[in-house]
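Q: Can you walk me through this model? Short answers are fine.

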Amino acid sequence: MALPPGTGPPGSGPLGSFPLVFGGGSIGGLYAPVSDDEAAQTLEAAWDAGVRAFDTAPHYGVGLSERRIGDFLAGRPRAEFTVSTKVGRLLVPATGSVDGAEEFYGTPALSRVRDYSRDGVLASLEASLRRLRLDRVDIALIHDPEDFMSAARDDAYPALADLRSQGLVGAIGAGMNSAAPLTWLAERCDLDCVLVAGRYTLLDRSAADCLFPLCRQRGIAVLAGGVFNSGILADPRDGARYDYAPAPAAVAARARRMRDACARYGVPLAAAALQFTLRDPAVTAAVVGARTPAEIRGDVSYLSAQIPPALWAELENL
């Protein structure tokens, strides 16, 4: 099923064809704390650059990302933006220190509890709407159910499908870091969209094997996250992260060869990484996280970088 008219997906419909979605993980304190002012300035820079779609989740800073996006969007015409959030984690009072839990810093004193049940989905979405200060979300995604696939199919999906039929959410789908379970779920459920993170990049193209052909066949929109593979494709310096952890030596060496190839053509590696993800016709939009105005302005500027065919050929060989 294609996304309903007027709800997205991000980058289509009444919002125009802007191909970037603001990813809310970084302003939730991923890897380092971000102040309210810094988050607001980054969101403002995204809006000024033309971004009108925002992806978040309870997981991101245990609600901090949702609250900041909700505060930023408050008062703006509802028809002018798209918001997606996720279900599968309930937030409960923490019993100990939470700073740095799951790599988020400067967060509220809350902990995450996995829950893909119908009641859990409804409770999660209700709490998200409060934090977002909205009466509906455009897209609701089942978040990271790799270890809970039966519950995702049998409980979370039917709950979201009912909300969709009632018009309480515009579109539904799933978001994961792995292409195979997303494919499995898309084969068994009537999804409008999927968010696949880190699996269609210059370093990992596994989503193109099975997930993308299925999505094209079924009219499922693809949102591609993790286009920089946690940072290494933005700056492959010593200590750079790949898939949320320090990059293995072989991966770091490959990324540096790509950086050097780009440099010979005067192209930032990050520009090639972002444009590569958007080149596949299955991809509707790229989800990019940012913690500063400079980062989001940089991401937008990469869209207009001129990348010659010869460089694409070199990157293909690498």
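A: First a term: helices (H or I, at least four residues) and strands (E, at least two) are DSSP runs, numbered from the N terminus. The protein has ten helices and twelve strands.

Q: What should I know about the source and the cut-offs?
A: This is a predicted model, where local features need pLDDT of at least 70, side-chain atom pairs count only at pLDDT 80 or more, and totals for chains, interfaces and linings use all residues. Residues are numbered from 1 along each chain as its sequence is written, and side-chain values use heavy atoms, with hydrogens and water left out.

Q: What is the radius of gyration, and what would a compact globule have?
A: The protein has 19 Å, which agrees with the value near 20 Å for a compact globule of 318 residues. That radius is taken over C-alpha atoms, and the globule rule is 2.2 Å times the number of residues to the power 0.38. Along the principal axes, the C-alpha atoms fill a box of roughly 55 × 45 × 40 Å.

Q: How much of the protein is buried?
A: Buried residues make up 53% of the 318. Buried means under 20% relative accessible area, exposed over 50%, partly exposed in between (1.4 Å probe, protein chains only).

Q: Where's the largest nonpolar core, residue-wise?
A: That core has 87 residues, and those with the most contacts inside it are F22, F54, I142, L202, L211, F212 and L233. Helix α4 (residues 149-165) gives the most to this core, with eight residues. Apart from it lies another core of twelve residues, among them V21, A53, C193 and L195.

Q: How is a nonpolar core defined?
A: As a set of buried Ala, Val, Leu, Ile, Met, Phe, Trp, Tyr and Cys residues joined through side-chain atoms within 4.5 Å. In soluble globular proteins, nonpolar side chains tend to be buried together.

Q: Back to L202. What is it in contact with?
A: Leaving aside neighbours within four places in sequence, L202 is in contact with L233, R254, M258, L269, A272, A273, F276 and L315. Contact means heavy atoms within 4.5 Å.

Q: New topic: strand β3. Is it covered or open, and which way do the residues point?
A: Mostly covered: six of six residues in β3 (residues 82-87) are buried. T82, S84 and K86 point one way, while V83, T85 and V87 point the other way.

Q: Which strands does β3 pair with?
A: Strand β2 (residues 53-55) pairs with β3 in the parallel sense over three bridges; two strands pair if DSSP finds at least two bridges between them. A53 stands opposite T82. Strand β6 (residues 137-143) also runs parallel to β3, joined by four bridges. There, the bridge partner of K86 is L141.

Q: What do β2, α2 and β3 make?
A: A right-handed β-α-β unit, with α2 spanning residues 64-73. Right-handed means that, with the strands pointing away from the viewer, the path from the first strand over the helix to the second runs clockwise.

Q: And helix α9, what does its buried side pack against?
A: The buried residues of α9 (residues 293-302) are P293, I296, G298, D299 and V300. They pack against β1, α1, α8 (269-279) and β12 (283-289).

Q: Which residues other than glycine have a positive phi?
A: Y31 is one of them, with phi near 75°. Y31 sits in the loop between β1 (20-23) and α1 (36-48). S230 has a positive phi of about 70°, and lies in the loop between β9 (221-225) and β10 (241-242).

Q: Why do Y31 and S230 count as partly exposed?
A: Because Y31 has 24% relative accessibility. For S230, the relative accessible area is 24%.
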